[in-house]
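Colleague: I'm new to reading structures, and I'd love to learn how the labels are earned. Could we go through a few of them together?

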Amino acid sequence: MKKTIIAMAAMCMAASASAAGYTLLSPDGNISFNIGTTATGTPVYDVTFKGEPVVGESTLGLVADEFKFTDGLAMTVVATDSVDETWQPVWGETADIRNNYNEVLVSFADAKGLTVNVRARAFDDGVGFRYEVPEQRGLNYATLRGEDTQFALPADMTMYVIPGDYDSDEFLYTVAPVSQLKEKMPNPRHTESSRIPGLAAQTPLLMKHPERPLYVNIHEAALVGYPAMAVEIDADAKVLKSHLTPDKNGVRAYLQAPFVTPWRTIMIGDEATDILASQLIYNLNEPSVIEDTSWIVPRKFVGVWWEMFTGGKTWAYSDKYNAKPGVTDYSALPSNGRHPANTENVKRYIDFAAENGIPGVLVEGWNEGWEDWGGYKKNRQFLFDKPYPDFDLEGLVDYANSKGVKLIMHHETAANAADYERQLDRAFDFMNEHGYDAVKTGYVGHVIPRSEYHSSQWMVDHYINVAQKAADHKIMIDSHEAVRPTGLMRTYPNWVAQESARGGEFESFGGNPPSHTAILPFTRLKGGPMDYTPGLFEMDLSSYGQGNTSRGLTTLARQLALYLTMPSPLQMACDLPENYRRFPDAFQFIKDVPVEWRDSRYLEAEPAEYITVARLDKNSDDWYVGTITNENARKAEIDFSFLPKGVNYTATIYQDGADADYLANPQSYKISTKKVNSKTRLKIDVAPGGGAAIRLVPVK
């Protein structure tokens with residue numbers, strides 16, 4: 001149902017307008033978005049939830065070389081709207097998503113008659129608003145310098161944030177009241193040149209009220225043709241202000257009227273599970289531009305990947321290339337003997353995948369160019385249609401096909417985005433010719449063009465261009481080191497996953513504390529699924545004798561639970577085949593767990609502490625439950641009332657052993673079965689840094 005109401009008829013909705021402003025209510029009436037102007041004509045807004053403040057009076061505004069929409073403005077209510085519809089995602093946490101909101105469009109005009117509009121939508125789980133600059137006389141283009149969008153906090157909110165940086169999202173979270181962030185948030189910026197001056201944080205960020213039940217997530221939706229937003233933090237005034245990624249000249253965006261900005265999103269709930277369940281960001285994105293999505297097939301995969309992280313092995317075929325300037329014939333170079341992306345080794349992974357019903361195998365380091373790798377070298381180029389001499393691409397494709405397995409391509413660009421664009425058509429044609437339908441892209445290093453950052457306007461356009469070109473070739477994209485996602489997977493459902501956060505690879509660089517993956521679902525994953533790479537079974541990397549002394553900070557049972565708490569339609573089983581063969585009964589869960597869901601229920605949660613979720617397989621009547629905790633042991637209490645009444649289930653429970661501990665005994669686990677139904681209440685002991693995973697099969 002969709003009903004459009006023009007300004008004078010707005011009283012039909014639960015909202016009010018006056019000369020001073022306009023109040024927009026959510027469909028359930030709990031959230032109000034109030035917009036107006038101050039006495040000096042500065043646009044302002046505030047947000048309340050159940051009568052209590054969420055965002056205090058905060059400014060709105062856009063600043064460009066050609067205009068300054070920050071004060072001296074007059075407001076007019078243009079139109080209102082009300083929508084209640086249901087749409088079906090190609091993949092995701094649920095088979096159906098309800099899109100139910102009330103909307104207002106207001107116009108702000110300056111003394112010269114130039115106008116900027118603000119469109120706001122109020123949902124039951126939050127609000128979104130954006131700026132819209134119409135085509136008008138006297139304003140053809142804009143050299144954007146920034147926004148004056150603020151978020152005034154209602155109290156000394158507890159923040160769950162990572163540092164503000166233009167080039168990297170791979171940080172651990174700081175959890176502290178805003179008043180203490182200066183002292184508690186470290187400053188491990190990717191490079192000095194990409195740091196945001198002063199105290200700043202990236203979105204998505206989470207906040208919790210210190211005195212009343214209130215959780216708030218601030219982010220953005222539909223980031224298109226615009227730089228990503230971080231926030232500058234005034235800890236004393238308790239105000240967040242938008243900070244847009246510039247190019248090296250300080251310009252935030254080059255825009256042509258008419259244009260719209262991304263939505264500024266504020267998710268709101270009085271329980272932590274409300275944030276986890278919110279679909280607000282997806283609802284603020286445009287529907288799929290791909291009509292036939294039948295070729296988008298979610299899957300699990302293993303890969304030639306973790307071997308390089310354990311130490312001793314390399315992505316490069318030879319160690320001699322740099323010593324021989326001008327050498328282009330790799331067949332004339334000796335192999336270093338430590339290159340795992342070779343024909344026989346890849347066959348080993350294909351065999352393992354086929355034996356265990358894993359449909360995909362990712363191979364990194366297969367193509368020419370890794371000898372120039374250094375992440376930051378000036379002369380870096382990969383060739384995406386040139387396999388190394390020891391990688392029989394055509395033979396391996398045929399071998400994989402004979403086993404019912406699909407190979408997944410890898411395109412590391414070393415952030416040479418300009419060169420990748422030059423090669424895109426050739427690279428994707430090459431994939432089509434050889435039957436590849438999915439690619440993992442990477443952007444490690446300083447971006448080329450050198451005037452850009454990973455989250456600047458030009459790069460944002462680049463990632464979307466890659467997704468569009470990939471769709472033209474019927475290819476799925478899993479992007480790493482790209483700008484954090486903003487729900488564009490709805491518009492481009494072939495963009496099935498991203499990294500854009502500190503992922504599982506860091507278990508080889510000192511480890512991720514257990515609290516990390518108890519925060520990511522509240523923050524990073526609200527923009528879209530993450531290729532976190534779960535499934536680590538061998539936590540002691542020193543056991544490989546390659547000089548890596550890191551330890552994964554997790555229990556084995558927790559790694560199983562991550563398949564539920566951090567879902568992705570392209571989901572990796574990251575460890576080596578030999579480690580999975582050591583624990584075949586535990587690996588059975590990875591073989592069984594789906595990557596597509598018909599329904600999801602968040603049963604209990606507290607950020608940085610614990611999460612318990614239940615999900616219904618999209619293609620069967622089996623339910624799956626996952627629970628994780630932080631560094632502290634806890635007793636998870638699982639209420640199975642989400643199950644259909646009158647149906648009994650056999651529950652196979654994979655949980656920490658009685659002596660399990662993520663530091664002392666991470667591989668201790670036990671497996672048991674139990675009959676359950678909708679009346680069952682089950683308590684499970686979860687070890688420090690641990691978790692549990694359950695498969696529920698209906699009893700026929």
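Colleague: How do you know that β26 and strand β27 (residues 406–412) pair?
Modeller: This is a predicted model, and in it 3 bridges in the parallel sense link β26 with β27. Pairing needs at least two bridges, so the two strands count as paired. One bridge joins Gly360 to its partner in β27, Lys406.

Colleague: What makes β25 (residues 299–304) and β26 a pair?
Modeller: The reasoning is just like before: β25 and β26 run parallel and share 4 bridges, and the cut-off is at least two, so they pair. Val304, for example, has Val363 of β26 as its bridge partner.

Colleague: Why are both faces of β26 (residues 360–363) called covered?
Modeller: In a regular strand, side chains alternate between the two faces of the sheet. Here Gly360 and Leu362 lie on one side, Val361 and Val363 on the other, and all are buried. Buried means under 20% relative accessible area, so both faces count as covered.

Colleague: Which residues does Leu407 touch?
Modeller: Leaving out residues up to four places away in sequence, Leu407 touches Val346, Ile350, Val361, Val363, Leu396, Val397, Ala400 and Tyr436.

Colleague: How do you know that the span of helix α8 (residues 457–472) agrees with what is expected?
Modeller: With 1.5 Å a residue, its 16 residues should span 22 Å, and the end C-alpha atoms are 23 Å apart, so the values agree.

Colleague: What covers the buried residues of α8?
Modeller: The cover includes β22 (253–256), α7 (417–433), β29 (476–479) and β30 (495–498). Among the buried residues are Met459, Tyr463 and Ile464.

Technical notes. Residues are numbered from 1 along each chain as its sequence is written. This is a predicted model: local features need pLDDT of at least 70, side-chain atom pairs count only at pLDDT 80 or more; totals for chains, interfaces and linings use all residues. Side-chain values use heavy atoms; hydrogens and water are left out. The expected span of a helix is 1.5 Å times one less than its number of residues. Buried means under 20% relative accessible area, exposed over 50%, partly exposed in between (1.4 Å probe, protein chains only). Contact means heavy atoms within 4.5 Å.
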